[in-house]
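Please open the structure in your viewer and keep the selection tool at hand. The stops below are meant to be taken in order.

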Amino acid sequence: MARALLDVLNLEVRYGGIMAVKGISFAVEEGEMVCLIGANGAGKTSTLKALARMLPSRGEIRYGAERIDALPAHALIGRGLALVPEGRGVFARLSVAENLAMGAYHRRDHDEVAADIEYVHALLPRLKERARQLAGTLSGGEQQMLAIGRALMGRPRLLLLDEPSMGLAPLMVEKVFEVIRTVAAQGVTILLVEQNARLALEVCSRGYVMESGRVILADSAANLAADPRVRHAYLGE
Ligand code: ATP
């Protein structure tokens, strides 16, 4: 079997004496869209932050042909691994256009950056309309779109999305997920963290369920959605 694009083995994350992620293993193949679901505090965000090297961790993280678990976050720039953080993390006092430019600041292929801005504007027309507006004055949904657009400016191969539906009205959630589906259809591999398990299992092909820092279930999205434990605990049935 071909090696997965992302292969995680016995990942542990600690905050002082508290172990938030207790030795989890999972993999994401190139081109897949996979979700991590679970309740508040299950360790999903800590897992994504460790993958993006924003938190120290133990265990192996293989991305492409290399191990990245000893690298600092800045070393991932240019390697095509991008995190869209919980709460979006846009630069509130910069304009929409400046935020997008920040996503490409490490790139020297200026013509292609210009082409990618066109691509992001085509995908997210609202960002073009609002190019000069300060990011902090955008609606929550628009900020989420901007956070995704900024990540796309780095031409990611693997996109880590942390709770993109959080705090958004249902119609906006639909729009954001339409964009995520489009990005996935264009070949970007996606690891999605969501508390909205119903939505996550609808758009992803596979998923992992986390509980108290461990992976307790791993299966196809269809099987997870049909699993009585998932239906009871995460789908409100
Ligand atoms: P949420 O959806 O609420 O973000 P989560 O599944 O993403 O939940 P994490 O945010 O990864 O969970 O948190 C996992 C555990 O680690 C929780 O018990 C949390 O309280 C703890 N934790 C997270 N960040 C810190 C921190 N900076 N210091 C101490 N403990 C932390």
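This tour goes from the annotated domain to the ligand and then to two pockets. The model is predicted.

**Stop 1: the domain**

Select residues 6–237, the range that an unreviewed UniProt entry lists as "domain: ABC transporter". Over this range the chain is 35% helix and 27% strand. Mark the C-alpha atoms at its two ends as well; they are 33 Å apart.

**Stop 2: the ligand**

Next, select the ligand and the residues around it, which number 13. Which of them come nearest? They are Asn40, Gly41, Lys44, Thr45 and Ser46. Now colour helix H1, residues 44–51. H1 gives the shell around the ligand three residues, the largest share. Coloured by class, the shell shows four nonpolar, six polar and three charged residues.

Zoom in on individual atoms. Lys44 has a polar side-chain atom 2.8 Å from an oxygen atom of the ligand. At Thr45, look at the backbone instead: an N or O atom there lies 2.6 Å from a ligand oxygen atom. Then select Tyr15, where a polar side-chain atom is 3.5 Å from a nitrogen atom of the ligand. How much of the ligand's area does the protein bury? Taken alone, the ligand exposes 630 Å², and the protein buries 62% of that.

**Stop 3: the largest pocket**

Leave the ligand and select Ile77, Leu81, Ala82, Leu83 and Arg150. Of the 24 residues that line the largest pocket, these lie nearest its centre. The volume of this pocket is about 670 Å³.

Add strand E6 (81–84) and helix H5 (140–152) to the view, since each supplies at least two residues of the lining. The largest share comes from E6, with four residues. By class, the lining of this pocket has 16 nonpolar, six polar and two charged residues.

**Stop 4: the second largest pocket**

Keep H5 in view and add helix H4 (125–129) and helix H6 (170–185). H4, H5 and H6 each supply at least two residues of the lining of the second largest pocket. Which helix gives the largest share? H6 does, with four residues.

To see the lining itself, select Leu123, Leu124, Pro125, Arg126, Gly141, Glu142, Met145, Met172, Lys175, Glu178 and Val179. These residues divide into six nonpolar, one polar and four charged. The second largest pocket has a volume of about 200 Å³.

To end the tour, show H5 once more: this helix supplies at least two residues to the lining of the largest pocket and at least two to that of the second largest.

Notes
Residues are numbered from 1 along each chain as its sequence is written. This is a predicted model: local features need pLDDT of at least 70, side-chain atom pairs count only at pLDDT 80 or more; totals for chains, interfaces and linings use all residues. Side-chain values use heavy atoms; hydrogens and water are left out. A residue is near a molecule or strand if one of its heavy atoms lies within 4 Å of it. A polar contact is a pair of N or O atoms within 3.5 Å; within protein, one must be able to donate a hydrogen and the other to accept it, and residues adjacent in sequence count only if both atoms are side-chain atoms. Accessible areas come from the Shrake-Rupley method with a 1.4 Å probe; for residues, only the protein chains shown count as cover. Ala, Val, Leu, Ile, Met, Phe, Trp, Tyr, Cys and Pro count as nonpolar, Asp, Glu, Lys and Arg as charged, and the others, Gly among them, as polar. On a 1 Å grid over the protein atoms alone, a cavity is a set of points where a 1.4 Å probe fits but cannot get out, and a pocket is an open set with protein on both sides within 12 Å along at least five of seven lines; lining residues have an atom within 4 Å of a point. Grid points are joined across faces, edges and corners, and a volume is the space filled by probe spheres set on the points. UniProt positions are given in the numbering used here, feature names are shortened, and annotations may be inferred rather than shown by experiment.
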